[in-house]
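Please look over the sequence and the model below before reading on. The paragraphs that follow lead through a few charged pairs and then along one helix.

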Amino acid sequence: MQSLFFCGTMCSMVKTREIYYEDAYISEFDATVLECTQRDKGGFSLILDATAFFPEQGGQSSDIGTLKASDAAQVSVSHTAIKDGIISHITDAPIEPGSRVHGVIDWEHRFSNMQQHTGEHIFSGIVNTRFGYDNVGFHLSDSEVTMDYSGPMSGEDIKAIELAVNEAIWQNVAVRCEFPTDEELESIDYRSKKELSGQIRIVTVEGYDVCACCAPHVLRTGEIGLLKVISCQNYKGGVRVSILCGKRAMDYLSDCQKLVSELTGFFTTESSKVMDAVIRQKDEIYELKGRLSETAQKLLKYEVDELATASRKDGVFLVRDYVLDGNEMRKTANAITERFPGISGVFAPAGSGGYRYVLASGAYGLNAKDLQQRLFEAFGAKGGGSPQMVQGSIYCDDIAEVIKWLEETKV
């Protein structure tokens, strides 16, 4: 990182004053720029003597927002990081060291993170109390919250914990964030995801959880609004649970409600019967696909018989103008090789452009991989397989040119 401005030795000696520990609800503050450096990856890194921007740490994404100097344009803060107690603000423009700045954090983003994180503490605290499992992994991004627990839980277990968390939210109990002394810490039974050193911050949700944590939290559980589990899967001998809290949970449930409403209208049924309608349609589609496949195979047999009668070639190559799945393509290639002893194949449009193909060897026992290799060299095709059958993809301006080349090529 190239230094753009020099600020003396203050930055390396004085840790940034962390205003978010003084009050998690402070969204605006004033500070002095100590250092500004240009980053190799673009943008600038600003170090202030104090900040309310919470840096990325403990599995949680950082605060974002703006900084404005009295004699400069406003700059955006896209990320905040911490190292050895020094907090860096990644901005889109520089501000000269010595300038006084007014910082404004994106409060909607901050408060959402506070809701998610406090909700996670309650959930993990209940899991620990009921099952004795540890939270061995935590990730809080702008789109998801995931927790990894050290033991298995059933769907009914997760449902019961979700209800217990929401009951804790409805009770609107207090949340305390403190830095106890070493002596006080010895008498506190608290959770921690890893071994800690230095001054330890303890977050207590009364009656539900006591955990070491560095992040901002809500003052009372009622501010979380609600918690919704959106997924649960087995993971490394335990379970990975994904949750959403507050507005994120409301947005998720609104989307789910909209989807159910649309499906209710589509199937002209009651919301409680939507799943039955989906299963019924799935069964009908499965049956129709089976009939269609049978019909297609009969038509293919007639087509191949007609080709065998009219052609003296050892192999033929069919081109379809509609998409075939891999199984249908292999069936088609096998049907052709029953009547043609050389190498034959089928080409069908690929969803991303170009064509997919299957080449198969008939009674002569020719090596389909040899022909495919030559197809690679001539047209840049891709694929693989065995001497009996190969499959792959090819991009070309004129598929007729490829077919002509295949018909003229000897293996």
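**Charged pairs and a helix**

In this predicted model, aspartate 209 and arginine 191 form a salt bridge in which the closest N and O atoms are 2.7 Å apart. The two residues come from distant parts of the chain, since aspartate 209 belongs to strand S14 while arginine 191 sits in the loop between helix H5 (182-186) and S13, with 18 residues separating them in sequence. Both partners fall under the 20% relative accessible area that marks a residue as buried: aspartate 209 has a relative accessibility of 5% and therefore counts as buried, and arginine 191, with a relative accessible area of 13%, is buried as well.

A further set of charged side chains is centred on arginine 176, and it can be followed one pair at a time. Salt bridges that share partners join Arg176, Glu178 and Glu206 into one network. In one of these pairs, glutamate 178 meets arginine 176 with the closest N and O atoms 3.7 Å apart, and in another, the side chains of glutamate 206 and arginine 176 form a salt bridge at 2.9 Å, N to O. Because glutamate 206 lies in the loop between strand S13 (202-205) and strand S14 (209-212), whereas arginine 176 lies in strand S12 (residues 175-178), this second pair ties together parts that are 30 residues apart in sequence.

How buried or exposed are the members of this network? Arginine 176 counts as partly exposed at 33% relative accessibility, glutamate 178 is partly exposed with a relative accessible area of 37%, and glutamate 206 is likewise partly exposed, with a relative accessible area of 37%. The salt bridges in the model come to 13 when they are counted by the distance rule, namely a side-chain nitrogen of Lys or Arg within 4 Å of a carboxyl oxygen of Asp or Glu.

The path now turns to helix H3. This helix, residues 107-131, has 25 residues and reaches 36 Å from its first C-alpha to its last, which is close to the 36 Å expected at 1.5 Å a residue. Of the 25 residues of H3, 19 are buried, so the helix is largely enclosed by the rest of the structure.

The two ends of the helix can be taken in turn. At the N-terminal end, aspartate 106 acts as a cap, with a side-chain oxygen lying 3.3 Å from the backbone nitrogen of glutamate 108. At the other end, H3 is followed by glycine 132, whose phi is positive, near 80 degrees.

Key: Residues numbered from 1 in each chain as written. Predicted model: local features only at pLDDT ≥ 70, side-chain atom pairs only at ≥ 80, totals over all residues. Heavy atoms only, no water. Buried < 20%, exposed > 50% of the residue type's maximum accessible area, 1.4 Å probe, protein only. Helix = DSSP H or I, 4+ residues; strand = E, 2+ residues; numbered from the N terminus. Expected span 1.5 Å × (residues − 1). Polar contact = N/O pair within 3.5 Å; in protein donor to acceptor, adjacent residues only side chain to side chain.
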